[in-house]
Amino acid sequence: MDAALESRTRELAEALWRVEPASWRRPPLALSRRLLGGLDGRPALRSAVFRFVDVAPACRGPRDRGAHLRAFVREVEGERLPLSLRPLRARSAPRLPRLPLAAYGLVSGPATALLARQFIAGRNVTDATGNLRRMWRRGQAFAVDLLGEATVTEAEAEAYFERCTETLRRLAEVTRDWPDQPLLDADTHGPLQRANLSIKLTALTPLLRPLAPERGAADAARRLRPLLRLARDLGAHLHLDMEDYDSRETLLLAFEEVLADEEFRAGPSVGVVVQAYLRDAAETLERILASPALGDREVPATIRLVKGAYWDHERVIAAQRGWAAPVWGHKRDSDACFERLSHVLIDARDRVRPAIATHNLRSLAQAIAYLERGGGRPEELELQVLRGLGDEIADGLSRLGHRVRVYTPIGDLVAGMAYLVRRLLENSSNQGFLLQQRHHSLDDLLEPPG
Ligand SMILES: Cc1cc2nc3c(=O)[nH]c(=O)nc-3n(C[C@H](O)[C@H](O)[C@H](O)COP(=O)(O)OP(=O)(O)OC[C@H]3O[C@@H](n4cnc5c(N)ncnc54)[C@H](O)[C@@H]3O)c2cc1C
């Protein structure tokens, strides 16, 4: 173990831990934390509430919403319910009169919307501009994500493409006159784009087939090229999010092929993602860094390092197919891989822009400590968090002088529910750092992963 690095990691994590929590300044954040806190240690209730959250926007009015909530809550067995939900479980009682059921529907509608608003900044750029501008004033940049899940038809792919072009144009327009923020506007490589859009390759093509990645990549490239041209002309950044393991090869092939075109050598600013929960994550990072189209661009690519959002999905799919899971089996292995790869990425900062995306205090602090030890300055490393999960960390990091980018979903509530449920699950999964933070000492949380 590297004692000096450990000691600096601890110092930095303690400094971040001590930075005043911001939730008191944001009442909706405090309230939704309370709502989620009520699910701690109640896995069956948690699952019932998340299933409810998923269907709530599609319900026809308060009574229908109340009836759905009652149906899900009645399936919860062997757990004490909060007082407010107990009447919903009383099976033997005569049917609940109309009013209480509708009242549950009336209260749960705004509660779901409140949760959603914590994670989703608005229906579209116009609706979200106030939130984005407030973040900028606080010294935080954004990466907008357009909500919507995998595309299965050509028409859906086309509609997603149109939303991307419209969003890029509007983002470039609304950010143009924002006040200068030197740490957010440039780094050691040069200017950073304010308009920053993260997109899903699986939404750009209905032809994604894991066994024929070239086919999906060629089809996605038809829509990727005009998006890249538009981003270049507007001075915007385009980032390809990483999704499940089945789509990874298609995504990398599409990006490598398109970005090898001469017309994209000098721009736009682009980015990809590496998921440390994959056993072969080191090879993927190596491939990206060695690729002339990605690892050595005139405008350096941003490489966002994450742990990965599809852990349960990958385990289930691999078990169904009778294959070994592509993801690590223990959380500490993903954490350890994340630390190793953050070092590789930071060492490559003369060619690429490293972005460390995590809410885990230890993972964050050790990356900053490693940068410092190599003589790096704060502007050489970007730290990224998700809106709704990392707001307090973002406030702390920006107050300590780091460049922070907040991944900010925008879109319609119905389309956003799958995203919201995934984030809620992450926030209350037993192994997740954010939950552990409520129950463990800082010493435990800062234990090296292995
Ligand atoms: C700005 C930003 C952008 C993101 N973009 C993407 C993206 O493009 N693609 C994507 O997949 N994810 C993305 N994520 C989500 C990310 O992958 C994580 O799911 C999320 O950040 C939680 O990880 P953590 O390091 O913050 O927290 P931690 O609590 O430290 O880690 C939780 C993570 O550990 C891993 N894990 C949990 N249990 C186990 C286990 N038993 N064994 C092994 N590993 C386990 C999982 O990856 C889980 O998400 C993004 C996150 C951020 C902050």
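How many Å apart do the C-alpha centres of domain 1 and domain 2 lie? In this predicted model, the figure is 34 Å. The legends below start with the whole chain and then zoom in.

**Figure 1. The whole protein, a mix of helices and strands.** Count them up and you get 20 helices and 10 strands. The radius of gyration is 22 Å, close to the 22 Å that the globule rule gives for 450 residues, so the protein is as compact as a globular protein of that length. Along the principal axes, the C-alpha atoms fill a box of roughly 70 × 55 × 55 Å. Of the 450 residues, 43% are buried. Look at contacts between residues at least 6 apart in sequence, and 75% of them join residues at least 24 apart.

**Figure 2. Where domain 1 touches domain 2.** Domain 1 covers residues 38-116, and domain 2 runs over 121-445. Where they meet, 10 residues of domain 1 are in contact with 9 residues of domain 2. On the domain 1 side, α3 (43-55) and α6 are the elements that give two or more residues. The top contributor there is α3, with 4 residues. As for chemistry, that side of domain 1 splits into 7 nonpolar and 3 charged residues, with no polar ones.

**Figure 3. Close-up of Ala 121, in the loop between α6 and α7.** The two flanking helices are α6 (98-119) and α7 (125-137), and domain 2 begins at residue 121. Is Ala 121 buried or exposed? Ala 121 counts as buried, because it has 26 C-beta neighbours inside 10 Å and the cut-off is 20 or more. Setting aside neighbours within four places in sequence, Ala 121 is in contact with Ala 128, Asn 131 and Leu 132, and also with Arg 387, Thr 408, Pro 409 and Ile 410. Ala 172 sits 51 residues away from Ala 121 along the chain, and their C-alpha atoms are separated by 17 Å.

**Figure 4. Close-up of Leu 420, in helix α18.** This helix spans residues 413-428. Why does Leu 420 count as buried? Leu 420 has 23 other C-beta atoms within 10 Å, and 20 or more is what it takes. Which residues does Leu 420 contact, leaving aside neighbours within four places in sequence? They are Val 53, Leu 115, Ala 116 and Phe 119. Another residue to pick out in this view is Leu 147: Leu 420 and Leu 147 are 273 residues apart in sequence, yet 9.9 Å apart in space, C-alpha to C-alpha.

How values were computed: Residues are numbered from 1 along each chain as its sequence is written. This is a predicted model: local features need pLDDT of at least 70, side-chain atom pairs count only at pLDDT 80 or more; totals for chains, interfaces and linings use all residues. A residue is buried if 20 or more other C-beta atoms lie within 10 Å of its own, exposed if 12 or fewer, and partly exposed in between; C-beta atoms are placed from the backbone. Two residues are in contact if their C-beta atoms, placed from the backbone, lie within 7 Å. Domain bounds come from an automatic or database domain assignment. Ala, Val, Leu, Ile, Met, Phe, Trp, Tyr, Cys and Pro count as nonpolar, Asp, Glu, Lys and Arg as charged, and the others, Gly among them, as polar. The radius of gyration is taken over C-alpha atoms; the globule rule is 2.2 Å times the number of residues to the power 0.38.
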